Amino acid sequence: FWFFIAIVCLFTACICVNYDYDFFARIIVGERFIEQGILPYQDFLSYTPTHPWYDHEWGSGVIFYLMLKLFGPIGIPLLYSVMLWGTIFFVTQAQRVQKHAYPASIIFTIIFITLFFRLNPTLVRCQLFSFFFFALFIYILEKQRKSGTKLIWFIPLFTIIWNNLHGGVVAGLGLLFMYTVGEFLNRKNVKKYFLTLALSIPLLMINPYGIKYLKFLFSATTMTRKYITEWWTLFAHRHLMYYIYPAIFCVFGFITHLIHCIRKRKVDYTKLIILTVTIIEGIMHVKLLTLSLIATSALCYNDIFRLFIKSKRLLKPIENSLYFVIITIAFSIPLFSPDIARCNLESFPFYEVEFLKLNNIKGNIVAPFSRAGYVAYKLYPDNLIYMDGRYEEVYNDKEFNILRRYELGEDDWRTIINNYNTDILMPSKQTNIYKILQNLPDWIQIYDGVICGIFIKKENVKQLYIEPETNLDYYKKTMFYATHFGKKIKRK
């Protein structure tokens with residue numbers, strides 16, 4: 001069973017065609033730590049004013065960089081596969097510790113993977129570590145309340161590790177709090193839950209930034225992020241039709257558990273609290289729907305399975321056929337070339353960045369908010385960026401709003417030029433400012449790319465420029481080539 005699940009996880013990684021936009025900024029941080037032993041306290045990729053940087057994902061960047069250094073591009077889908085497999089493993093173990101547990105189902109597991117993939121279509125994000133630890137915490141806490149386990153005393157140690165990989169550690173502490181409250185309402189002994197939570201909270205200070213990090217973690221947790229779409233509600237424009245299926249699954253699992261409670265005339269307050277909170281949070285912020293998916297799959301599996309137990313004879317042939325399908329896709333994995341970079345033309349400004357590099361055009365650059373991390377990865381230290389997707393971690397609201405007004409082409413868009421030492425403008429061709437810049441006499445378009453145009457000041461324009469390579473395979477093979485800190489990075 002677990003071998004076949006590993007194949008499905010690897011296949012899922014292979015059909016991912018893109019990286020997260022912030023992935024490349026994370027690699028640089030990891031590289032800087034491994035090669036120079038330096039962690040950032042201020043952003044070194046930007047030329048704009050920034051606040052102190054408490055990088056809650058620094059450990060993820062280290063792992064990303066090491067996977068690339070040791071294994072090349074194939075290390076990233078391998079990492080995705082391992083983290084997804086581990087998440088599924090602990091979800092399944094949490095299912096098995098339930099009373100009268102049903103055996104693991106390949107059908108249910110593939111449904112979980114399908115919904116997980118829909119919620120997380122990019123290849124690797126720092127959130128993967130939070131999903132893994134969230135599933136691990138549910139397993140340990142479920143095992144503790146069902147039969148008792150010494151594993152609960154490892155949670156503070158896991159909290160330290162999780163805290164240095166991703167700020168989603170607050171979800172783990174929230175889970176501990178919900179188990180404490182739920183078991184108290186269930187009239188159970190909550191001493192171990194309370195002590196574990198009390199031990200874990202102060203351990204958040206074990207990080208490179210010390211106690212100051214806690215203030216950032218609180219502000220990041222309570223931030224509104226009204227311009228970041230993944231933090232919008234399920235009912236936001238364009239979200240509903242995409243995220244509706246995972247949401248329906250979670251609500252369905254919750255309803256099946258309610259029905260079970262009504263039939264047994266016994267309420268499990270712990271489950272009800274966890275399911276209610278995670279579903280509400282997932283509806284309020286679609287980025288958190290994955291936590292609801294994990295909680296529902298771990299805690300409601302038996303309630304869902306119970307509805308289909310009468311159809312077991314029908315489901316058995318389907319399960320057997322799925323194993324045959326998995327064997328088939330195992331042979332198809334090499335066709336997806338997992339050993340080269342995962343990208344397409346619509347994702348990153350490959351041609352535009354290559355044009356700047358070939359023509360040795362150096363200076364401060366305003367790139368699209370979401371794609372500037374890739375620009376920084378390829379062009380640092382010759383080019384510094386205005387801002388990238390690490391907005392709430394590094395940058396100020398003032399600079400973010402200036403960038404937003406610039407992209408919209410509002411009356412004061414020149415602030416980004418006049419108040420900051422900007423040399424290069426690389427706006428997305430979908431923005432209003434791109435059209436405005438084409439009609440300006442003092443800024444000249446020197447390149448028209450697939451995603452962006454490149455504009456520089458009139459006095460800096462040369463007569464001849466080298467055109468970049470047009471073959472996408474070239475960019476897939478060289479996507480991780482860069483020169484940082486005076487050292488050439490060249491991987492297979």
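**Group meeting: a walk through the predicted model**

Let me begin with Arg 187, which is exposed, with a relative accessible area of 80%. I should say at once that what we are looking at is a predicted model, and I will keep to what can be read from its atoms. Arg 187 sits in the loop between helix 8, residues 169–185, and helix 9, residues 191–200, and although Arg 187 is not a glycine, its phi is positive, at about 60 degrees.

Arg 265 also has a positive phi, near 55 degrees, and is likewise a residue other than glycine. Its place is in the loop between helix 11, residues 240–264, and helix 12, and at 81% relative accessibility Arg 265 counts as exposed.

Moving from that loop into helix 12, which covers residues 269–284, we come to Thr 270. Is Thr 270 buried or exposed? Its relative accessible area is 0%, and because the cut-off for buried is under 20%, Thr 270 counts as buried. The side chain of Thr 270 is joined to that of Glu 183 by a polar contact of 2.6 Å.

Helix 13, residues 289–299, has 11 of its 11 residues buried, and it is therefore largely enclosed by the rest of the structure. Among these buried residues are Leu 289, Thr 290, Ser 292 and Ser 297, together with Ile 294 and Leu 299.

Turning to the nonpolar interior, the largest nonpolar core has 167 residues, and those touching the most other members are Tyr 19, Phe 23, Phe 24, Ile 138, Met 479 and Phe 480. Helix 6, residues 127–146, gives the most to this core, contributing 13 residues.

On the surface, by contrast, Ile 34, Leu 66, Leu 70, Phe 71 and Leu 78 make a nonpolar patch of about 420 Å². The largest share of that patch, three residues, comes from helix 3, residues 58–71. Leu 66 belongs to helix 3, and with a relative accessible area of 31% it is partly exposed.

There is also an open sheet of four strands, in the order 1-2-4-3 and with mixed pairing. Its edge strands, each pairing on one side only, are strand 1, at 365–366, and strand 3, at 443–448. Strand 1 runs parallel to strand 2, residues 424–425, and two bridges join them; Ile 365 has Ile 424 of strand 2 as its bridge partner.

Finally, please look at the peptide bond between Tyr 380 and Pro 381, which is cis, with omega about 10 degrees. Pro 381 lies in the loop between helix 17, at 372–379, and helix 18, at 391–394.

Key
Residues numbered from 1 in each chain as written. Predicted model: local features only at pLDDT ≥ 70, side-chain atom pairs only at ≥ 80, totals over all residues. Heavy atoms only, no water. Patch = residues over 30% accessible without salt bridge, like charges linked within 9 Å, V, L, I, M, F, W, Y side chains within 5 Å. Areas by Shrake-Rupley, 256 points an atom, 1.4 Å probe, with all protein chains shown as cover. Salt bridge = Lys/Arg side-chain N within 4 Å of Asp/Glu carboxyl O. Buried < 20%, exposed > 50% of the residue type's maximum accessible area, 1.4 Å probe, protein only. Core = buried A, V, L, I, M, F, W, Y, C linked by side-chain atoms within 4.5 Å. Pairing = 2+ DSSP bridges. Polar contact = N/O pair within 3.5 Å; in protein donor to acceptor, adjacent residues only side chain to side chain.
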